[in-house]
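Please work through the following exercises with the sequence and the structure at hand. Each task is followed by a solution in steps.

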Amino acid sequence: MSLLGVCALSHLIQVVVSQTVLSQSPPIQTVPVGSRVQLNCHTEKVVAGYVFWYRQQHRRDMQLLYRVGKHYPADGRFSGEVDDKSGNYALVNSNVQRNDSGMYYCASRNYQNMVQIFGNGSKLVVTDGPPAVFLLTPPPAEISSMERVPLMCLVRGLSPHSLPILWNVSGQVTDGQTDSGTIDEDGTYSIRSHISVPTETWSSGVVCTCTVQINSTENLISENISSQRGNMNSDDELMDSRPRAQEKETLYARLAVNEDPTL
């Protein structure tokens, strides 16, 4: 190797060695409201002995929450813990609320060029109350102009771990298309699964439900919906579902037409 090549390689190694590397853990954490949560940021090189912690929610810009370092006082529910031996600069939330759900990033600057470096991110999901599942359909007035009727199964308030969502259309079971999950504006974690059925099939009076498998012994089942009989719950359940009906009206606008050839 030429002298020029050796010098170039040496410079590259110096840059890589001096680069600040931030590793966060755990990658995902699900806790109930009121819990104490710790998010870790591991680094070997930290400028001025502190790191910044940011939160990003529902596609908004990052919000600076707290600066973790030695001798920094707590700021409301937020405080920090520093471990010099492991290089861990942890953010602590002593009393999480549902609107604390989001992606959290630690950040610092490297020694070489003072460019801010971000960690790989940690997702925090705060649950509040029992989970719920809703089966959503477009407004009846719009269905007549569609070739296929899009249906959406909306699951709210569960952990972000993979949950099987199954559809049953008059005895025919299918998986549908399930998204990776999102954190809504109010901090609730939601998972959506989509299918579509031919309008002719829908108009014939098929009965549709969706089921979420929470664990090996527990399932969460939506109400039954049919084009001819509407919501097929009992009278008591219908009385309790009035707030759901209002929520469905709001969510109709979000229901995208999904040409899913599954059925």
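The exercises below concern a strand, a nonpolar core and salt bridges.

The model is predicted: local features need pLDDT of at least 70, side-chain atom pairs count only at pLDDT 80 or more, and totals for chains, interfaces and linings use all residues. Residues are numbered from 1 along each chain as its sequence is written, and side-chain values use heavy atoms, with hydrogens and water left out.

**Exercise 1.** Determine which strands pair with β7 and how its residues are placed.

Solution.
Step 1. Strands are DSSP runs of E with at least two residues, numbered from the N terminus; β7 covers residues 88-93.
Step 2. Two strands pair if DSSP finds at least two bridges between them. Strand β3 (residues 37-42) pairs with β7 in the antiparallel sense over four bridges, and His-42 has Asn-88 as its bridge partner.
Step 3. Strand β6 (residues 78-83) is also antiparallel to β7, over six bridges; here Gly-80 is matched with Leu-91.
Step 4. In a regular strand the side chains alternate between the two faces of the sheet. In β7, Asn-88, Ala-90 and Val-92 point one way, while Tyr-89, Leu-91 and Asn-93 point the other way.
Step 5. Buried means under 20% relative accessible area, exposed over 50%, and partly exposed in between (1.4 Å probe, protein chains only). Six of the six residues of β7 are buried.

**Exercise 2.** Identify the residues that touch the most other members of the largest nonpolar core.

Solution.
Step 1. A nonpolar core is a set of buried Ala, Val, Leu, Ile, Met, Phe, Trp, Tyr and Cys residues joined through side-chain atoms within 4.5 Å.
Step 2. The largest such core has 25 residues, of which Val-155, Trp-202 and Val-212 touch the most other members.
Step 3. Strands that each supply at least two residues of this core include β12 (148-156) and β18 (207-213).
Step 4. Apart from this core lies another, of 18 residues, among them Leu-22 and Tyr-66.

**Exercise 3.** Locate the salt bridge partners of Arg-36 and Asp-184.

Solution.
Step 1. A salt bridge is a side-chain nitrogen of Lys or Arg within 4 Å of a carboxyl oxygen of Asp or Glu. The count comes to nine.
Step 2. Arg-36 pairs with Glu-81, the closest N and O atoms being 2.9 Å apart. Arg-36 is in the loop between β2 (28-32) and β3, and Glu-81 is in strand β6, 45 residues apart.
Step 3. Asp-184 pairs with Arg-156 at 3.1 Å between the closest N and O atoms. Both Asp-184 and Arg-156 are buried.
Step 4. Salt bridges that share partners join Arg-98, Arg-156, Asp-184, Asp-186 and Arg-192 into one network.
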